[in-house]
Amino acid sequence: GQYIAEALKQCKNLKSLLLSFGDTDLSDNGVISIFEAIPSLLRLNAIDLNFHETVLSDSVESCLSDVMALRPSLIKLQLKYFSCKLFSNMNAEMILHGLQSRTNLTQLLLCFQSTTIDDECLASLATGINGLTLLSQFSIDLSSCSSISDRGCSKILEAISNIVTNSSLRLIFPHCTGITNEIMDCLHRVIRSRNVIKEFEIDLAYTFITDDGILDLSKMIRNLSQCEAFSLNLHHTEIIDRSIVEVADSLSGLTFLTKLTLILSECVGLSSTAYRRISRLLQDMPRITHFHLSIRKNSHFESRLINRFMFERNFTHFLIEK
């Protein structure tokens, strides 16, 4: 840790820093030494920190919080926790402290894949996010976080709804069994009158979202009038044709849309009706040049309905997974 810290101090012109911790013999003192070297990097404006299956002590988290607070030039922050089984509200409170000092952040990516984060932690993080008034890009990944529910995620969405500058929004919730249709009420407040959103992605794979929830989402999509890239993952959910037809109808009104991703694999309730509507959507929206459709393990798909567009249009990306 000391050697890495000394090396960092020599990088006076460094603007972006990626540090990954996991399966190492670094002690708390070693990690703290590295963190304490970061404030000397006066031109640093982007930090990406990855923690893999690590247990962060209070002293390490406190030092990380101070690092965020002491970097006035920091505008992009990525914090990624993978399979950190002892993540607690104390960790979230430390992140909160750092975020409250970073009101000039424009990009924030939070990832808590398979961690023990819960609704109380999300509420603490939401308090910090609420003050990031200059945020233009926000992403949160809660994949396989079994302790969260609609209540905690709603706190995050409520904080985001107050940030009028946010133009890119990624909500990754796969395998979160506590996510249900109720989350749509809060998501509606985020999207409503949010015409600045240009990139929107929501991942609801393996959740308890049903057809009614997606119908609610389809109504919200119409408010994304400036959206250029849209991604929806409904892998292994209990949706039927009706909701996909409504989603396609709403997407057809997004005149600036150029990139479309639909993940509908293992959705056994879908028939050829849904895919015919997607085919018509491509026909009605010639601006789409990036198209990705996943319909694995679905026997009702007729590839001829969509494959013809691959030859009729100048796509930069065209992929059908089946």
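Helices (H or I, at least four residues) and strands (E, at least two) are DSSP runs, numbered from the N terminus. This is a predicted model, in which local features need pLDDT of at least 70 and side-chain atom pairs count only at pLDDT 80 or more, while totals for chains, interfaces and linings use all residues. Residues are numbered from 1 along each chain as its sequence is written, and side-chain values use heavy atoms, with hydrogens and water left out.

**Exercise 1. Find where histidine 236 and serine 114 sit, and say what is special about their phi angles.**

Step 1: Look up the places. Histidine 236 is in the loop between β8 (229–233) and α9 (241–251). Serine 114 belongs to the loop between β4 (107–111) and α5 (119–129).

Step 2: Check phi. Histidine 236 has a positive phi of about 55°, though it isn't a glycine. For serine 114, phi is near 55°, again a positive value in a residue other than glycine.

Step 3: Buried or exposed? You'll need the cut-offs: buried means under 20% relative accessible area, exposed over 50%, and partly exposed in between (1.4 Å probe, protein chains only). Histidine 236, at 40%, is partly exposed, and serine 114, at 24%, is partly exposed too.

**Exercise 2. Work out how helices α7 and α8 pack.**

Step 1: Get the geometry. Axes are lines fitted to C-alpha atoms, for helices over the stretch in contact, and angles run from 0 to 180 degrees between N-to-C directions. Helix α7 (residues 183–191) and helix α8 (residues 211–221) make an angle of about 5°, and their axes are 10 Å apart.

Step 2: Name the arrangement. Angles under 35 degrees count as roughly parallel, over 145 as roughly antiparallel, 65 to 115 as roughly perpendicular and the rest as oblique. So α7 and α8 are roughly parallel to each other.

Step 3: List who touches whom (contact means heavy atoms within 4.5 Å). From α7 come Met184, Leu187, His188 and Ile191, and they meet Gly213, Asp216, Leu217 and Met220 of α8.

Step 4: Find the buried side of α7. Ile183, Met184, Cys186, Leu187, Val190 and Ile191 are its buried residues. They span an arc of only 160° around the axis (taken from the directions from the helix axis to the C-beta atoms), which puts them on the same side of α7. Here's the background: an α-helix has 3.6 residues a turn, so residues three or four places apart point the same way.

**Exercise 3. Follow the aromatic rings from phenylalanine 21 to tyrosine 81.**

Step 1: Set the rules. Rings of Phe, Tyr and Trp (its six-membered ring) pair if their centres lie within 6.5 Å; planes under 30 degrees apart count as stacked, over 60 as edge-to-face and the rest as tilted. The structure holds nine such pairs.

Step 2: Take one of them. Phenylalanine 21 and phenylalanine 51 are stacked, 5.5 Å centre to centre with 15° between the planes. This pair links strand β1 (residues 16–21) with strand β2 (residues 46–52), the two residues being 30 apart.

Step 3: Move on from phenylalanine 51. It forms a stacked pair with tyrosine 81, at 5.1 Å and 25°. Tyrosine 81 lies in strand β3 (residues 76–82) and phenylalanine 51 in β2, so this pair ties together parts 30 residues apart in sequence. Both phenylalanine 51 and tyrosine 81 are buried.

Step 4: Zoom out. Ring pairs link Phe21, Phe35, Phe51, Tyr81, Phe87 and Phe112 into a cluster.
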